[in-house]
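Visitor: Please take me through one part of this protein up close. I would like to see the place around the ligand and what lies beside it.

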Amino acid sequence: MSQILIVDDVPQNLKALSLILESRGYAVHTVDNGHRALQAAGSSPPDLILLDIMMPDIDGYEVCRRLKTDPALASIPIIFVSALDETLDKVRAFEVGGVDYIAKPFHPEEILARVETQMELRRLQTRLIEQVEAQEKVNKQLSEANVRLGNLLKDKEDLQGILAHDLGNILALMTLKLDILIKRYDSLSPEKIAHHLVALKKTKDQMASIIARLLDVAQIDDKPIKVNWQPSLPGMIINQVLDQYAGLASEKRITLNYEQAGDDEPIRTDPTLLGEVFSNLISNAIKYSPTDTAVAVRLTRNSQSVTIEVEDNGPGLSESDRAKLFTKFARLSAKPTGGEKSLGLGLYIARKLTQAIGGTITADSPGADQGSTFTICLPIGKNEPM
Ligand SMILES: Nc1ncnc2c1ncn2[C@@H]1O[C@H](COP(=O)(O)OP(=O)(O)OP(=O)(O)O)[C@@H](O)[C@H]1O
Ligand SMILES: [Mg+2]
């Protein structure tokens, strides 16, 4: 039911107007001076106000002006009412924000027609505002979707690049070996055949690892990473990964040095995820460093956190490299020094996994050709159950 506030200092006027409006089903509230009008409108904003002009204390123009300065009340339509002996200043009435005026004597049909017109206008205005707001919401969603689509397209282009380039190369190599085997099988010595088969297996393994990594990323992007929290020894995890990479490092005559400050004490983390993060850093340090260099790994700890640093003597990182380092498909200035594969996904995955176990991963470099240091920092919760 629409609410109307009538403001008039003459009781007969209040009564007459109330009767007319109530007969049409409006809920009417009446007050007899300007102060009460401001109070009533503030505590329970009506849908429309009928406002007398001449009143003791503050007059109708002033009441109207004050209502219009309050953002919560400014949109309530105000119709001025003037008694017979009052001169109605129409220009002023509109200037202070009135939408219409009614002069005495009161004709019920005229009053109802004017009130209903304003009510209808207000309904339309409210609907319009709602529609504009809904439209703005849709626009916002559209522009967000557009950004997401742009990112997806970018990822897709990068993915196509990898499929065409990396997988394409491997496929070409496999085809060549297979052709040799098929065409010259009878004339090849068993040793040669074995040699080609081993090479084929190696290329197949490479292909499988590229596909596995692409699937890893798709999974990381799709659903939340599952963390298997458990008491874990960071030093042990580091040693296991270093063992796995010992062969690759020695092929490139790269020395892996490990320093650990203090005893290896357990922290609560996911050992598999931490191992994968660290393994990405070691893989990079070996992949991008020249031969005959050293990689230093340090494990330190204070009361709040455990820090793992991987420092290499490779090509270092430029300012612009650092900005893109942890993004998807980032193949930057440094190129593998021993013909290794580079997809540009390792650090993107590493950052996601580090975040999943509550840590941070950062990179630093004093400059070109001065090596890089990658740092994993994991918080140690004070009262965590182990
Ligand atoms: N230790 C490093 N020193 C210098 N540049 C590095 C180092 N580690 C990474 N980069 C640069 O950052 C890029 C992104 O590294 P990231 O590990 O994400 O991918 P990647 O090693 O190219 O491929 P993969 O997905 O197989 O790990 C690399 O291509 C390389 O240019
Ligand atoms: Mg890598």
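Guide: Keep in mind that this is a predicted model. Start with the make-up of the shell. The residues around ligand 1 divide into 12 nonpolar, 8 polar and 5 charged. That shell has 25 residues in total. Of these, Asn284, Ala334, Ser342, Gly346 and Leu347 come nearest to ligand 1. Two elements give two or more residues to the shell: α8, residues 271–288, and α10, residues 346–356. The largest share comes from α8, with 5 residues.

Now look at α10. This helix is mostly covered, with 8 of its 11 residues buried. Among the buried ones are Gly346 and Leu347. Gly346 and Leu347 also belong to the group that comes nearest to ligand 1. The other buried residues of α10 are Tyr348, Ile349, Ala350, Arg351, Leu353 and Thr354. What do the buried residues of α10 pack against? Their partners are α6 (190–222), α8, β11 and β12 (373–379). So helix α8 turns up twice: it gives residues to the shell around ligand 1, and it packs against α10. Just after α10, Gly358 takes a positive phi of about 80°.

Two of those partners, β11 and β12, lead on to a sheet. Five strands form this open sheet, in the order β7-β9-β10-β12-β11, with mixed pairing. β7 (255–260) and β11 (360–364) stand at the edges; each has a single partner strand, so one side of each is left without a neighbour in the sheet. From one strand to the next, the twist averages 15°.

Strands of a sheet pair through backbone hydrogen bonds, either parallel or antiparallel. Take β9 (residues 294–301) and β10 (residues 305–311): they run antiparallel, joined by 6 bridges. One pair to find is Thr300 and its bridge partner in β10, Thr307. A helix lies across this part of the sheet as well. Helix α7 (residues 234–251) lies across β7, β9 and β10, and runs at about 170° to β7.

Last, step back to the whole protein. It has 10 helices and 12 strands. Its C-alpha atoms fill a box of roughly 120 × 60 × 40 Å along the principal axes. The radius of gyration is 39 Å, whereas a compact globule of 386 residues would have one near 21 Å. Buried residues make up 24% of the protein; in α10, by contrast, 8 of 11 residues are buried.

Key
Residues are numbered from 1 along each chain as its sequence is written. Chains are lettered from A and ligands numbered from 1 in the order in which they are written. This is a predicted model: local features need pLDDT of at least 70, side-chain atom pairs count only at pLDDT 80 or more; totals for chains, interfaces and linings use all residues. A residue is near a molecule or strand if its C-beta atom, placed from the backbone, lies within 6 Å of it. Helices (H or I, at least four residues) and strands (E, at least two) are DSSP runs, numbered from the N terminus. Ala, Val, Leu, Ile, Met, Phe, Trp, Tyr, Cys and Pro count as nonpolar, Asp, Glu, Lys and Arg as charged, and the others, Gly among them, as polar. Two strands pair if DSSP finds at least two bridges between them. Axes are lines fitted to C-alpha atoms, for helices over the stretch in contact, and angles run from 0 to 180 degrees between N-to-C directions. Two residues are in contact if their C-beta atoms, placed from the backbone, lie within 7 Å. The radius of gyration is taken over C-alpha atoms; the globule rule is 2.2 Å times the number of residues to the power 0.38. A residue is buried if 20 or more other C-beta atoms lie within 10 Å of its own, exposed if 12 or fewer, and partly exposed in between; C-beta atoms are placed from the backbone.
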